[in-house]
Amino acid sequence: MGPGRAAAWTALGAALGPERGRPAAARGWRYLCLCRQPSVSRVWGSLRALHRSSSISLWEQVLPEKILRGAVVNVSSSWQRNFLGLPGRDCLFVGAFGGCGAGGDRGGEKLSLQDIAELIRTKACHRVVVMVGAGISTPSGIPDFRSPGSGLYSNLEQYDLPYPEAIFELDYFFHNPKPFFALAKELYPGNYRPNLAHYFLRLLHDKGLLLRLYTQNIDGLERDSLPGCSGGIAGSTHPDQIALGPAPHHSTPPAAGIPATKLVEAHGTFASATCTVCQQSFPGEEFQVDVMADRVPCCPICTGIIKPDIVFFGEQLPQRFFLHMADFPMADLLIIIGTSLEVEPFASLCQASRRSVPRVLINRELVGPFAWQPRDNDVAQLGDIISGVETLVKALGWTKEIEDLIQRETDKDAL
C-alpha cells in the first residue's frame, strides 16, 4: 500500500474514532471493505485531499449544517456504522465512490419529465441535488467557455494569449496577470441578472426540496445577496481577512438567493481573494475596487499579487466540494442543467448517485454518461435550456409561483 493510500485510510480511520487494538489506517481500510466492492482508486484520492486540506474531520463534512451553525457534533459509533453499512447491507459510500448504490436500475417503462414532476410534487423525491454549468448563465448574457464562435475561449484573441486556456493557468498568471483581471472585470458578479433557471433553483430551496446545489460557475448568480454586499457576493467574516480599502457604495446586485449552506461553488468564487505570496486572505467586496479600476491588486503586506479564490487549472478544489461524499448517496433525485460534463472531477459527480435514483438532464445535447452509459431512469430534456426548465416548471404547476418570485426580486432590485 503506497503512502498516498495509507494517508487516505488513516484519514478515514481517524474520523471514525478510536478502536482498541487497531491502528487508524487499518480501521479506515476495514470500514471501506464493508462497502460492496468500492472503487479504491477513486476513494483514496478524495480522502487524501480531504486529509491534507484541513483538520476538519470527515464527519464534520458529512454534517455540514451543524458545523456551519457552530454546533458541537458528537457522532455516535452506531450512527457511523449505520452510515457506512455493515456486511451484507448497502453502504451509502458506494454511491459516492463506486457509481452504484442501494437497488439497481428500475425495470419497465422509461421515466418521463411528467413522471419526475409527479415525484417532486408528491415529495417522493425531496432530497434533490442539482449540478449546473455555464449553460444556465448564458441566457443572462454571460458567454460560456467552449461554444464555438461565441464561447470565452473563442473570443480571447484580444488578450494575445499563447493559447486560450492560459488565462486560467497559474504559470501564465504570474507571468502576465493583466489578461485575467481584464476578463474578471467582465465576468465579475453583479454585471448580470439571474434568469428563470436560477429562480427555479431558488423555488426548490424555498420548498425545502434542495439538498445541495453544485455549480461550476463563478458568476455568483446562484448566491444569496445580502445588504452591504457588492458584486453579488456575501461579505466575508473570516477573521484573517483584511480590507484593501473602503468598500464601494451601491445597491445590492441581483442574485437568485440560494443560501451559502446549500451551495457548493466547485470552481471557486469571487467572494474572497488570497495573496499568492503570503497567503493573506481578503474579502471580495474590497477586492472588487481594484478589479473595476483596471488595477492588478497587490498585497499591502508583502506586495504580492492578490488572486480571487477562483480555481485555476491544477489547483485544489474548495474544501466544500467534498460534501459530495455525503450528498450524492443521500440524494433521491439528481438534476443536471447546462453543462458539458467535460471538466473533472465535477463531471464524474453525475455518476455518484445511487443507480436507483432518477437523473434529469436539461441541456442542449446529450453529454457524458447520458450519451454513452445511460440508465433506465434517466430523463433528458434537450434543446434550449430556459425552455426546458419552463417545461419542468409547468409540469410541476409552479408557473405562477416562479413568475411571482421573479417579479418580487425584480421589484426589490429596483429599489
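Buried means under 20% relative accessible area, exposed over 50%, and partly exposed in between (1.4 Å probe, protein chains only). The model is predicted: local features need pLDDT of at least 70, side-chain atom pairs count only at pLDDT 80 or more, and totals for chains, interfaces and linings use all residues. Residues are numbered from 1 along each chain as its sequence is written, and side-chain values use heavy atoms, with hydrogens and water left out.

**Exercise 1.** Classify Cys302 by accessibility and state its disulfide status.

*Solution.*
1. Cys302 has 26% relative accessibility, so it counts as partly exposed.
2. A disulfide is a pair of cysteine sulfur atoms within 2.5 Å.
3. The closest cysteine sulfur to that of Cys302 belongs to Cys275, at 3.4 Å, which is too far for a bond.
4. The whole structure has zero disulfides.
5. Cys299 is in none either; its nearest cysteine sulfur is that of Cys278, 3.7 Å away.
6. Cys299 is buried, at 3% relative accessible area.

**Exercise 2.** Describe the surroundings of Thr339.

*Solution.*
1. Thr339 sits in the loop between strand 7 (333–337) and strand 8 (359–363). Strands are DSSP runs of E, at least two residues; helices are runs of H or I, at least four; both are numbered from the N terminus.
2. Relative accessible area is 4%, so Thr339 is buried.
3. Contact means heavy atoms within 4.5 Å. Beyond four places in sequence, Thr339 contacts Gly133, Gln216, Asn363 and Val367.

**Exercise 3.** Place Thr391 and list its contacts.

*Solution.*
1. Thr391 lies in helix 15 (residues 385–396).
2. At 37% relative accessible area, Thr391 is partly exposed.
3. Leaving out residues up to four places away in sequence, Thr391 touches Leu113 and Gln381.
4. The C-alpha atoms of Thr391 and Gln381 are 8.8 Å apart.
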